Amino acid sequence: MKAKVKLTAAVLMVVACSSLAVDWPQWRGQNRDGKSADTGLLKEWPNDGPPLAWKIDKIGGGYTAPSIAAGRIFGMSNRGEDEVVWALSETDGRELWVTRLGPALVQRASQGKEGPACTPTVDGERLYVEGLGGNVACLQVEDGRIVWQISMTDDFGGRVPMWSYRESPLVDGDKVICTPGGADAIIVALNKLTGETIWKSKLPDSQTANDERRGVVFAGFGGGRGGSGGRRGGFGGGAGAGAAYASVIAFDFEGQRQYMQLISNTLVVFAASDGKFLWRYDKPANRMGINCATPIFYNGMVFASSAYGAGGGMVKLSKDASDGVKAEEVYSTAEMQNHHY
């Protein structure tokens, strides 16, 4: 039985005070950690639930989680033959604008084909989106006009995963970070104003990695479930390393900004300044390459997980004698499986 997924946006009055809630401008909130700074929330709901403020059910098909900023709600969907980005009024649900990103992708896999899953990232007067086929675009918040647009497949040799591209772009300082999954561009940093490439990085293979270990310890390199290279399946973007379905997070450790992403065959970390490959941890990635969950950084610890028998693992970061990054496994377990986000 195949179900048609149709997005419905609804707003419930769950804040006890009359002031507007804190903005939720990107995937998993302000800091991509799932935490809200809201206060004054209801301690318990009324018997009939919170009152419905408004509802709209004609925004298209897909899996996007909304972002909310400056009184507007942003999302993506498929409408007919088009993949679109839209903005609604937070007050009454009116559609303020809709912009066609490109043709709706015809996905190979039958599950999840109703539309995009990216949560738009709002950064001041601009927002950033990623379509199922790998189109990354910058739009104006005010009217939805496209400022610039690139293709992760055409421009960076990216391989569309079996269930298409589903990450939400990260905006960090002057950069937009996304994951083409190409042989020479696993992850890229773009100028957020122009879309021009700032840097692109690839994942070293097991032969060249030893030459790049200076000052860096790789946690679980080549180990875990399936190791590296071509032993994994093609569901996450082809054999070996490629894009999967998670989204990049940024974190600071010992004065260094780092970008972390769970790709098709490993958890991988790059330097934010220049894209230098820092370290990787293989155990949280499953053999199928279907890695969806956003990794977590907290207080010098990193946790990531997936399903299909892989489970999860945690590493502890520290500085080594040569001022590099040392990542040591604290534990791993197949019991902590996380299939989705």
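**Exercise 1. Describe the contacts, burial and surface of the chain as a whole.**

Of the chain's contacts (heavy atoms within 4.5 Å) between residues at least 6 apart in sequence, 56% join residues at least 24 apart. The model is a predicted one, in which local features need pLDDT of at least 70 and side-chain atom pairs count only at pLDDT 80 or more, while totals for chains, interfaces and linings use all residues. Residues are numbered from 1 along each chain as its sequence is written, and side-chain values use heavy atoms, with hydrogens and water left out.

Step 1. The chain holds 1 helix and 22 strands (DSSP runs numbered from the N terminus: helices are H or I of at least four residues, strands E of at least two).

Step 2. Of the 341 residues, 51% are buried (under 20% relative accessible area, with a 1.4 Å probe and protein chains only).

Step 3. The accessible surface is about 15500 Å² (Shrake-Rupley method, 1.4 Å probe), and carbon and sulfur atoms account for 50% of this surface.

**Exercise 2. Trace the pairing of strands E20 and E21, then that of E21 and E22.**

Step 1. E20 (residues 301–306) pairs with E21 (residues 311–319) in the antiparallel sense over 6 bridges; pairing requires that DSSP find at least two bridges. Within this pair, Phe303 stands opposite Met314.

Step 2. The hairpin of E20 and E21 has 4 residues between the strands, and Tyr308 in the turn has a positive phi of about 55°.

Step 3. E21 is also joined to E22 (residues 325–333) by 8 bridges, again antiparallel. Here Val315 is placed opposite Glu329.

Step 4. In this hairpin 5 residues lie between the strands, and Asp323 has a positive phi near 70°.

**Exercise 3. Characterise the surroundings of Gln261.**

Step 1. Gln261 belongs to strand E16 (residues 256–262). Gln261 counts as buried because its relative accessibility is 3%.

Step 2. Its side chain makes a polar contact with the side chain of Glu167 at 3.4 Å (N or O atoms within 3.5 Å, one able to donate a hydrogen and the other to accept it; residues adjacent in sequence count only if both atoms are side-chain atoms). A polar atom of the Gln261 side chain also lies 3.2 Å from the backbone oxygen of Ala246.

Step 3. Beyond neighbours within four places in sequence, the contacts of Gln261 include Thr179, Ser247 and Leu267.

**Exercise 4. Locate the largest nonpolar core.**

Step 1. This core has 19 residues, and Met260, Leu267, Trp279, Val302 and Leu317 have the most contacts inside it (a core joins buried Ala, Val, Leu, Ile, Met, Phe, Trp, Tyr and Cys residues through side-chain atoms within 4.5 Å).

Step 2. At least two of its residues come from each of E15 (249–253), E16, E17 (267–271), E18 (277–281), E20, E21 and E22.

Key: Buried means under 20% relative accessible area, exposed over 50%, partly exposed in between (1.4 Å probe, protein chains only).
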